Amino acid sequence: MKGKKGGFRVNKRKPDAPKYDFSYVKKVEKDKGKEVGPQRLNKYLAHAGICSRREADKLIEQGLVKVNGKKVTELGYKVQIGDQVEYKGKLVKPEKLIYLLLNKPKSFLTTTKDPEERKTVMDLVSNACEERIFPVGRLDRNTTGLLLLTNDGDLADKLMHPSNNIKKVYQVTLDKPITEDDFNAINSGLKLEDGPAPVDGLSVITPDGMTLGIEIHIGRNRIVRRIFEHLGYDVVKLDRTLYAGLTKKDLARGKWRFLNQKEVARLKIMKLK
């Protein structure tokens, strides 16, 4: 099953993406007082795969967008259900929402495009869908494990926002056994150069004390590696085994799958209940 992309073959046949029913999610949002229905024009354009929200604001200011045949230049304009939105004379329709879980292999960059043309996670999901998807957060080039990709900007923002304390679990392999003092220090919470690094759980997995499991919710750059490096350890392997309740069950390295209805609904109502 090996091929050109770093030893991982891309599936030739593209499976159909599920059609998600968000009626339950909308009910929960409505019960919690969250506005359901009209949405900002920049968000509408972003969900249609035209560009990012920030880029959409520029298009609106330039007068390149029409709603119901009239040019709109007002930032914050809200599109109502049934409105017809045009960009460059073509009708804009929101993209089908895609939610994809990848078990990332080593040596792939977490980015949509690399100027040096190195391997990226997008090479592994190139046959997944026609919609423009992007990684939620990032994993280092040499870190393996779970990575979510989507075109749902609202969900991505929610999962990446520090205040939501999204649970992540990693398996860490060190270059030497961890000492009891260092284990306790990490468990109590280290203070790194960019602030405190609290962990939610830490356990030794192997008898030699070199492989550990760490549960964490903070998402600062290289945070897991830096925690151990701060105490003089080299991280030989780092694998994310759980992300926001999603696991690697039945998902081989280098493979991906679409999230099911229940998984998406749970992610979207997380913190709303």
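Two residues are in contact when heavy atoms of theirs lie within 4.5 Å. This criterion is applied below to a predicted model, beginning with Thr144.

Thr144 belongs to strand S9, which spans residues 144-150. Its relative accessible area is 11%, and because buried means under 20%, Thr144 is classed as buried. When residues up to four places away in sequence are left out, Thr144 touches Lys104, Pro105, Lys106, Leu139, Leu238, Asp239, Arg240 and Arg253.

A second buried position is Leu212, for which the relative accessible area is 0%. Leu212 is located in strand S14, formed by residues 211-216. Its contacts, again without residues up to four places away in sequence, include Tyr170, Gln171, Val172 and Leu174. Ile178, Phe183, Leu202, Ser203, Val204 and Ile205 are also among the residues that Leu212 touches. The C-alpha atom of Leu212 is separated by 6.5 Å from that of Thr173, although the two residues are 39 residues apart along the chain.

The model also contains an open sheet of 4 strands, arranged in the order S3-S2-S5-S6 with antiparallel pairing. Strand S3 (70-71) and strand S6 (90-92) occupy the edges of this sheet; each has a single partner strand, so one side of each is left without a neighbour in the sheet. At the S3 edge, the partner is strand S2, comprising residues 65-67, and 2 bridges join these antiparallel strands. Within this pairing, Val67 has Lys70 of S3 as its bridge partner.

Conventions: Residues numbered from 1 in each chain as written. Predicted model: local features only at pLDDT ≥ 70, side-chain atom pairs only at ≥ 80, totals over all residues. Heavy atoms only, no water. Helix = DSSP H or I, 4+ residues; strand = E, 2+ residues; numbered from the N terminus. Buried < 20%, exposed > 50% of the residue type's maximum accessible area, 1.4 Å probe, protein only. Pairing = 2+ DSSP bridges.
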